[in-house]
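Welcome! Here are a few short exercises, each with a worked solution. Have a look at the model first, then try each task before reading on.

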Amino acid sequence: MAKHAALLPTTFARIIENWLIEDIPSFDYGGYVVGDDEKQATLYCKSDGVLAGVPFFNEVFRQTGCTVYWSFEEGAEIIPMEGRVAVAQVCGPARRILMGERLALNILARCSGVATRARSLRKIADTNGFVGVVAGTRKTTPGFRLVEKYGMEVGGADTHRMDLSTMVMLKDNHVWATGSITDAVEKARSVAGFSIKIEVECQSEKEALEAIAAGADIVMLDNFTPESIATAATSLKAHCLSINKNVLIEASGGITEENASRYMIPTIDIISFGSMTQGVPHVDFSLKISP
């Protein structure tokens, strides 16, 4: 049902537990009202989108003592034809269904929204014959990163680095604080070792050449126009070929669904989108208990 679920750490259940504690820190007054009669609730999708977040949704209701039965596979593109479509059934005691309702819906709506944006961007890439990587960024919601990165995966995008520990990214502030790109890369390599890649954010072709000379694995061309990035990337690839170095070139900064196709050129290896998580519309879901 959810092929990406195997990616999740065992600790994700603890995250769900903490979110439930946040939502029910003491008495559940509404739960007292409805009691423990066995009920069935229908999960409806009410807007177009990619279904994502199934393992999180399931875990919420597992912890509240309910069972979920899905009618769609995770990753399916859902298009409600008559206002809404039933995508799952949740069975269990009434108060326990309602105990998990809002948390489960919040997770599903956000995760599906990210997956929908990721799927859209991947389709734009495929339409334009772009074989490079379509990636998200670390611009995620604090405490919700695992859900949002999972949505990227389901939508068909690359998650980029998960956190500060999984790749070195030297941005302008790192360079300014250190003194130069060369010094920053050398210091990073001295502790990162051979297994961790180093990426350098560059504002010009000159900075990119310095990063390549210093030993960067990835050069990010940040906030370039489509015209200037085409010129710079072509020049940098030719330079790398002449010195027998394989350096990846990433385009980032201000790239959206509307202008993405203009950056999808053969000399760009990666395009990263902060817009994959920032300002993303949620997919609209609701959960209704049958009378």
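**Exercise 1.** Find which strands helix 4 lies across, and its angle to strand 12.

Solution. In this predicted model, start with helix 4, which spans residues 94-127. Helix 4 lies across strand 1, strand 3, strand 5 and strand 12. Next, take its direction: helix 4 runs at about 165° to strand 12. Now turn to helix 3, residues 54-63, which also lies across strands 1, 3, 5 and 12. Its angle to strand 3 is about 150°.

**Exercise 2.** Work out the order of the four strands in the open sheet, and why one side of strand 3 and of strand 12 is left without a neighbour.

Solution. Step one: the order is 3-5-1-12, with antiparallel pairing. Step two: strand 3 (67-70) and strand 12 (285-289) are at the edges; each has a single partner strand, so one side of each has no neighbour in the sheet. Step three: from one strand to the next, the twist averages 20°. Step four: look at strand 1 (residues 38-45) and strand 5 (residues 85-93), which are joined by eight bridges. Within this pair, Lys39 sits opposite Gly92 of strand 5.

**Exercise 3.** Describe the largest pocket and its lining.

Solution. Begin with volume: about 340 Å³. Then count the lining: 21 residues, of which Thr137, Lys139, Lys171, Ser252 and Gly274 are closest to the centre. Strand 9 (218-222) and strand 10 (248-252) are the elements that each give two or more residues to this lining. Finally, sort by class: four residues are nonpolar, 10 polar and seven charged.

Note on methods: Residues numbered from 1 in each chain as written. Predicted model: local features only at pLDDT ≥ 70, side-chain atom pairs only at ≥ 80, totals over all residues. Heavy atoms only, no water. 1 Å grid on protein atoms, 1.4 Å probe; cavity = no way out; pocket = protein on both sides within 12 Å on 5 of 7 lines; lining within 4 Å. Points joined across faces, edges and corners; volume = space filled by probe spheres on them. Nonpolar A, V, L, I, M, F, W, Y, C, P; charged D, E, K, R; others polar. Pairing = 2+ DSSP bridges. Axes fitted to C-alpha atoms, helices over the stretch in contact; angles between N-to-C directions. Contact = heavy atoms within 4.5 Å.
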